[in-house]
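Hello,

Here is the structure I promised to pass on to you. Have a look at it first, and then read on for what was found in it.

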Amino acid sequence: MTVTLFIPCFVDLCYPQVGISMVRILEKLGHKVVCPEAPACCGQPAFNTGYWHESRAVAVKVLKQLQDAEVVAIASGSCGAMIKVFYPELFAGTEHEALARSLAPRCYEFSDLLVSKLGVTDLGARFPHKVTFHDGCHSLRELHIHDAPRRLLAKVRDLELVEMRETVCCGFGGTFSAKFPAISTAMGEVKISLAEQTQAEYIVSNDSSCLMHIQGLMDRQHKPTKTIHLAEILAPS
Amino acid sequence: MSTAAVQFKSDAARLAADLRHRALIHTALSKYEVKRDEMKARFQDWQGARTLAAARKQEAVNHLDQYLEQFVRGLEARGTKVHWAGNAQRARDIIVDIVKARNARLIVKSKAMTAEEIHLNEALEHAGFEVVETDLGEFIIQLRGEAPYHIVFPAMHLLRGEIRQTFAEKLHDAPSDNPEELTMVARRVLRQKYMQADVGITGANFAVAETGMVSVTENEGNARLTAALPRTMITLLGIEKVVPRLADLALFLPMLATVGAGQLISGYNTMYGGPRQPGEADGPEEFHVVLLDNNRTALLADAEQREALHCIRCGACLNVCPIYRNVGGHTYNTTYPGPIGGVITPHLRGLQEWKHLSYASSLCGACAEACPVKIALHHHLLRNRRNSAAARPSFWQKLAFKAFAPVANHRSLWKLVTKGGRLGQRLHPLIKATPLDPARAWTRTRDLPPIARQSFKEWWQTRL
């Protein structure tokens with residue numbers, strides 16, 4: 001199968017190892033990976049801020065670059081929700097509505113692609129650490145992905161998964177984190193405290209944007225817990 | 001920014017950093033959470049119940065004109081006087097006029113968020129009447145001169161010691177911190193008021209079209225006394241409260257009790273169909289029902305967001321909202337706080353003045369997941385944002401998003417930004433978290449991730 005990889009802006013700039021891990025995993029599974037060069041962003045910042053016209057200017061490029069893809073792997077649950085769930089509404093009533101609707105079912109968040117589309121759960125990975133899993137809200141509540149990342153983690157050798165007591169947002173929320181920094185920070189602190197209660201060494205997620213917020217806050221507060229993307233754990237060494 | 005937005009931002013920043021408040025709300029809701037989940041588990045199929053409830057409310061709201069008329073016909077047939085109030089002023093005038101015509105002095109009132117919405121108590125007090133709140137939580141905050149902190153638990157932010165202090169100051173009767181003893185103090189005061197009151201005012205949880213009856217749910221029996229003892233009863237309710245059939249309450253009453261308070265069913269569920277009928281021994285001599293629009297029909301006309309009228313005011317979305325839990329109920333400064341407030345306040349009170357409530361959300365969707373009638377609350381927040389930005393765009397934000405499009409869309413520009421970002425990052429420590437820092441909103445409390453030496457796209461290039 002040819003898998004088209006969509007690498008969001010923040011993964012490209014700050015977390016290239018996440019994208020690289022995805023390429024290695026897919027190639028190891030025998031798939032051909034292609035990655036269109038041009039689109040760098042799904043258009044979510046403008047969309048979430050209310051500037052849908054400006055968002056479409058970005059999103060339309062994504063649509064065009066991905067339109068012929070057999071299957072698209074999206075390296076973030078949040079961008080995945082944008083493309084799968086929100087593009088059809090964003091493009092409703094425009095000439096691109098049909099394309100947006102036809103693209104949505106071909107797009108998968110990475111862990112969902114592995115488990116639901118490719119039927120893979122065991123990648124032969126080993127990670128001898130105690131971890132907890134953070135569900136990105138877009139991944140969990142827009143894409144309804146809950147079991148896929150856990151099934152993948154369950155097959156990782158020597159990994160112990162301890163769930164947090166509550167499922168709450170990390171407080172990132174895109175432009176929300178800058179518009180309401182105090183609320184966003186408080187939410188992040190609540191999240192980190194829940195993760196610390198598990199005594200996990202790592203907070204794992206399928207969304208680097210949440211991890212960027214959690215790690216940024218933990219670094220400032222000199223917390224020892226580390227964050228890591230699921231794909232980095234699964235990738236062949 | 002509107003005055004309301006400035007106030008919200010500053011109060012939110014203060015309370016979000018208040019660890020005592022954070023712990024207080026966590027504790028206040030933790031027992032509720034356990035009971036709520038226990039009760040949800042007692043439904044054979046909770047998700048099926050939600051789907052059905054959403055369908056019932058959709059039916060009611062989509063045929064609101066017919067169901068309202070049916071509701072009113074039933075009430076009037078039993079001698080109820082029904083009043084239609086287009087806005088808050090009209091509703092206040094109607095109620096003040098009824099009270100004046102009865103030469104009343106004292107009014108007892110049970111809990112009603114619509115009364116908060118139209119600032120009824122202020123209007124009645126301004127007209128020279130004494131109004132006493134009879135719901136215990138409302139009674140406490142009325143003594144303190146505060147607004148409800150939560151639409152179901154109005155005094156949940158108070159510790160028992162604070163309540164004792166309030167009783168000591170205002171009632172000169174506060175034997176201890178013991179909740180039962182404090183409740184008995186309130187009860188002694190309120191029993192006198194019920195006996196003396198000329199008018200009783202209630203809200204409503206549901207309006208049953210089929211039978212022309214008002215359904216009131218409560219746990220203290222105070223609404224029953226408010227309705228039954230005074231000679232005149234007034235019920236104020238929003239027009240969206242309608243459900244088509246009596247049988248619908250078999251679904252809605254346990255559902256409201258479950259997510260509203262973690263109960264299988266509320267302590268008292270009463271139906272009011274009219275004033276005392278010939279041959280009946282008790283009940284009010286007169287019954288007035290005031291139906292409030294106050295911009296609800298404008299929301300009804302908005303096909304995209306109409307479902308916000310399905311809300312049964314259970315408070316479930318507040319309880320799970322990480323923003324509500326961190327900033328608290330008073331910070332919103334609206335009748336309806338939390339996610340539902342962020343959705344409907346801009347419709348009820350003005351989009352531009354209240355749009356900040358639609359922006360004050362990480363769009364996590366916990367609210368929509370908790371909503372018993374399946375309102376896609378966080379998606380409506382997005383639509384409010386779209387509508388407000390379209391009507392009055394911010395020059396700088398529009399410019400920034402416009403300028404971003406070519407950068408995101410063209411490889412060469414993106415490359416330039418990547419390189420520029422690396423350079424900027426080297427200089428950033430000099431201004432980090434200072435007023436000169438363009439990323440200060442983030443960097444005051446959080447570190448930024450470094451831009452990688454080799455970006456993903458640069459790595460990809462090396463493979464081609």
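Let's start with one residue in chain A. Leaving aside residues up to four places away in sequence, V71(A) touches M1(A), V3(A), T4(A), R106(A), Y108(A), L113(A) and K117(A). Please keep in mind that this is a predicted model.

You will find V71(A) in strand 3 of chain A, which covers residues 71-74. Is V71(A) buried or exposed? The answer falls in between: 15 other C-beta atoms lie within 10 Å of V71(A), so this residue is partly exposed, given that buried takes 20 or more and exposed 12 or fewer. Another residue to look at here is L5(A): 66 residues separate L5(A) and V71(A) along the chain, yet their C-alpha atoms are 8.6 Å apart.

Next, the place where the two chains meet. Chain A brings 52 residues to the contact, and chain B brings 53. On the chain B side, several helices supply at least two residues each, among them helix 1 (3-16), helix 19 (377-391) and helix 21 (411-427). Which helix of chain B gives the largest share? That is helix 20 of chain B, with eight residues. By type, the chain B side has 29 nonpolar, 13 polar and eleven charged residues.

One helix pair across the two chains is worth finding on your screen. The axes of helix 11 of chain A (residues 181-197) and helix 1 of chain B come within 8 Å of each other and cross at roughly 25°. Because angles under 35 degrees count as roughly parallel, these two helices are roughly parallel. Their crossing is left-handed. Helix 11 of chain A makes this contact through A182(A), I183(A) and A186(A), while helix 1 of chain B uses A12(B), A13(B) and A16(B). These residues divide into six nonpolar, no polar and no charged.

Finally, a sheet in chain B. Six strands form an open sheet with parallel pairing, in the order 1-10-7-4-2-3. Strand 1 (81-85) and strand 3 (130-133) of chain B are at the edges with a single partner strand each, so one side of each has no neighbour in the sheet. On average, neighbouring strands of this sheet are turned by 20° against each other, direction ignored. As background, strands of a sheet pair through backbone hydrogen bonds, either parallel or antiparallel. In chain B, strand 2 (residues 106-109) pairs with strand 3 in the parallel sense over four bridges. Which residue of strand 3 of chain B is the bridge partner of K109(B)? It is E133(B).

Enjoy exploring!

How values were computed
Residues numbered from 1 in each chain as written. Chains lettered and ligands numbered in written order. Predicted model: local features only at pLDDT ≥ 70, side-chain atom pairs only at ≥ 80, totals over all residues. Contact = placed C-beta atoms within 7 Å. Nonpolar A, V, L, I, M, F, W, Y, C, P; charged D, E, K, R; others polar. Pairing = 2+ DSSP bridges. Axes fitted to C-alpha atoms, helices over the stretch in contact; angles between N-to-C directions. Parallel < 35°, antiparallel > 145°, perpendicular 65-115°, else oblique. Left-handed = near helix turned anticlockwise from the far one by under 90°.
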